[in-house]
Amino acid sequence: MATPVYGVDLQCYVEKETTFDTGFKFTLGGLSVLDVQIEPELEYHKSKEHVGSATLQNEIEGKRGGKWTVKCYAMPRTAGTAPDEAPLLEAANGAAVSGSTFNLGSTLTSLQIARLAGDGLYEQANGCWVEQHVIEVKSNDELFHTFSGGFASYSCIVGDPTTKTKASNTVVD
């Protein structure tokens, strides 16, 4: 059974995709976040075919995808290095982040975003795009980035899955 999501358990991974909407293993470290939300959507429409019965005969899959939001501090971990949120900045602005240099560009990229909470929840959104990037500046206070957008596909594991090896492949039960 999935456990409640506590702030100390929350982890987030964000990485640029090389091929749109194709899952892969994360190679970058986790992103320190204040909040991350992944909200999937999947519509089904009743079939409107006339078959001589009032009983529902079929459902047709409609729009799929969803929305996501990531909020984090705007700060590099080490002087002269790219901030943890560099993939989000690059996707939002068509930019290249190299070290502490940020160059605006015109090449938009898609992202893969994962949200983990303890051992009971793993969510992953593929084919993510940035629709909005808000920078919050309040006088001498902390600086925040809030990124949000949509995604093409979603997967999750909820509960306490067990794994076993079958023919040299790891299988999740």
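Select S139 to begin. S139 is exposed, because its relative accessible area of 76% is over the 50% cut-off. This is a predicted model. S139 sits in the loop between β7 and β8. Now check its backbone. Phi of S139 is near 40°, a positive value in a residue other than glycine. Most residues other than glycine have a negative phi.

Next, select D21. Phi is positive here too: D21 has a value near 60°, and D21 is not glycine. The place to look is the loop between β1 and β2. Is D21 buried, exposed or partly exposed? D21 counts as partly exposed, since its relative accessibility is 29% and that class runs between 20% and 50%.

Move on to S47. This serine is in the loop between β2 and β3. S47 is buried, because its relative accessible area of 17% falls under the 20% cut-off. Which residues does S47 touch, leaving aside those up to four places away in sequence? Show L56, N58, E59 and I60.

Now follow strand β3, residues 59-73, to Y73. Y73 is partly exposed, as its relative accessible area is 33%. Add L34 and M75 to the selection. Together with Y73, they make a nonpolar surface patch of about 240 Å².

Leave the surface and go to the core. In soluble globular proteins, nonpolar side chains tend to be buried together. The largest nonpolar core here has 21 residues. Which of them touch the most other members? Select V14, W68, L88, L111, I113, C128 and F147.

Colour the elements that give two or more residues to this core:

- β1 (10-16), β2 (35-46) and β3
- α1 (86-93)
- β6 (111-117), β7 (121-137) and β8 (143-151)

Which element gives the most? It is α1, with four residues.

Finish on C128, one of the core residues that touch the most other members. Show its contacts, leaving out residues up to four places away in sequence. C128 touches W68, L111 and I113, among others. Those three are also on the list of core residues with the most contacts to other members. The remaining contacts of C128 are E17, T109, S110, G150 and F151.

To retrace the route, return to the exposed S139, then the partly exposed D21, then the buried S47. From there, go to the patch of L34, Y73 and M75, and end at C128 in the core.

Conventions: Residues are numbered from 1 along each chain as its sequence is written. This is a predicted model: local features need pLDDT of at least 70, side-chain atom pairs count only at pLDDT 80 or more; totals for chains, interfaces and linings use all residues. Side-chain values use heavy atoms; hydrogens and water are left out. Patches are made of residues with over 30% relative accessible area and no salt bridge: like charges are joined within 9 Å, nonpolar side chains (Val, Leu, Ile, Met, Phe, Trp, Tyr) within 5 Å. Accessible areas come from the Shrake-Rupley method with a 1.4 Å probe; for residues, only the protein chains shown count as cover. A salt bridge is a side-chain nitrogen of Lys or Arg within 4 Å of a carboxyl oxygen of Asp or Glu. Buried means under 20% relative accessible area, exposed over 50%, partly exposed in between (1.4 Å probe, protein chains only). A nonpolar core is a set of buried Ala, Val, Leu, Ile, Met, Phe, Trp, Tyr and Cys residues joined through side-chain atoms within 4.5 Å. Contact means heavy atoms within 4.5 Å.
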